[in-house]
Amino acid sequence: GHRLLGCDGSLLRLPSHPEVFELFGEVTVANHLGATGTRYAPARLSVLYDLLNRMGLDARLAPVTTSEVALATAQLEQVEKTDVLIWDRGFTGFVLMAQVLARGAHFIGRCSKGSFAAAQDLFRANRAGHSKIVKLVAASDQRAELDRLGLPRELIVRFVSVRLPTGELEVLVTSLLNERLYPTRDFLEVYHWRWNHETYHQMLKGRLDLENWSGQTVEAVRQDVQAAVLVSNVETLLSQQAQEQLSAEDAGRQYPAQVNRAVSYHA
């Protein structure tokens, strides 16, 4: 009953054009011998992505000095009630969690080993399958911002520990508190769906060759980004229909038939 959305960003190399350098800044390329005499403009691409329906809902391009969290916060205007946002540990923070809850949505975020005390306790225990509901209190340096935004200084959240196939323990923080509706054992699979976002960015830069810009100006770059997201969304819609037609005849096949995504994107 939830739509699962991914918050994530990716870095892009933009054309070496004075207008682009002015807006996005520049990086000088160097190797072990020193400067190579070349430079490029870096940018941060943030896409709010429907993880299971494979749809880009909002794409924004900004200088790399703009944080991923700031871009994700701006994209919350596309988030609807009961949506579940899934993000990596770089996004996990009190203010963003409070903003998501204020919209009537939910979140699942990965915690770092140096984050909340409850997460640190689960890391030290090094046991998967634990679930713990705690009250978080905002740090003193966050309270002015929370007050300005009309957000609470306290949140009730749930920490769960999961074991990756590699043997590594991960701790997730979530607003999905009900163990009966959202069993601890399910969070490993649900969080793994975030990987769809990683492959989405790879597809934009690989299959759709996003960094092979059609023009040199800022306007051309922004149009190329939005066009790539649009093409991907159209391919998703068309291939889903084709996949349904293929799957309807799977009973007579040894292996399930699948749309060849390489062919579908080019088509």
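The side chain of Arg158 reaches the backbone oxygen of Leu176 at 2.9 Å, in a predicted model where local features need pLDDT of at least 70, side-chain atom pairs count only at pLDDT 80 or more, and totals for chains, interfaces and linings use all residues. Residues are numbered from 1 along each chain as its sequence is written, and side-chain values use heavy atoms, with hydrogens and water left out. Arg158 belongs to strand 8, residues 154-163 (strands are DSSP runs of E of at least two residues, helices runs of H or I of at least four, numbered from the N terminus). Arg158 counts as buried because its relative accessibility is 0% (buried means under 20% relative accessible area, with a 1.4 Å probe and protein chains only).

Turning to the interior, the largest nonpolar core holds 35 residues, of which Leu14, Leu45, Leu61 and Ile108 touch the most other members. Such a core is a set of buried Ala, Val, Leu, Ile, Met, Phe, Trp, Tyr and Cys residues joined through side-chain atoms within 4.5 Å. A second, separate core of 34 residues includes Trp87, Phe94, Leu96 and Val157. Beyond its neighbours within four places in sequence, Ile108 has contacts (heavy atoms within 4.5 Å) that include Trp87, Leu172, Leu176, Phe187 and Tyr191.

Helix packing offers a further view. Helix 7 (residues 195-205) and helix 8 (residues 218-247) pack at about 115°, their axes 10 Å apart; axes are lines fitted to C-alpha atoms over the stretch in contact, and angles run from 0 to 180 degrees between N-to-C directions. Here Tyr200, Met203 and Leu204 of helix 7 meet Ala228, Val229 and Ser232 of helix 8.

Conventions. Buried < 20%, exposed > 50% of the residue type's maximum accessible area, 1.4 Å probe, protein only. Polar contact = N/O pair within 3.5 Å; in protein donor to acceptor, adjacent residues only side chain to side chain.
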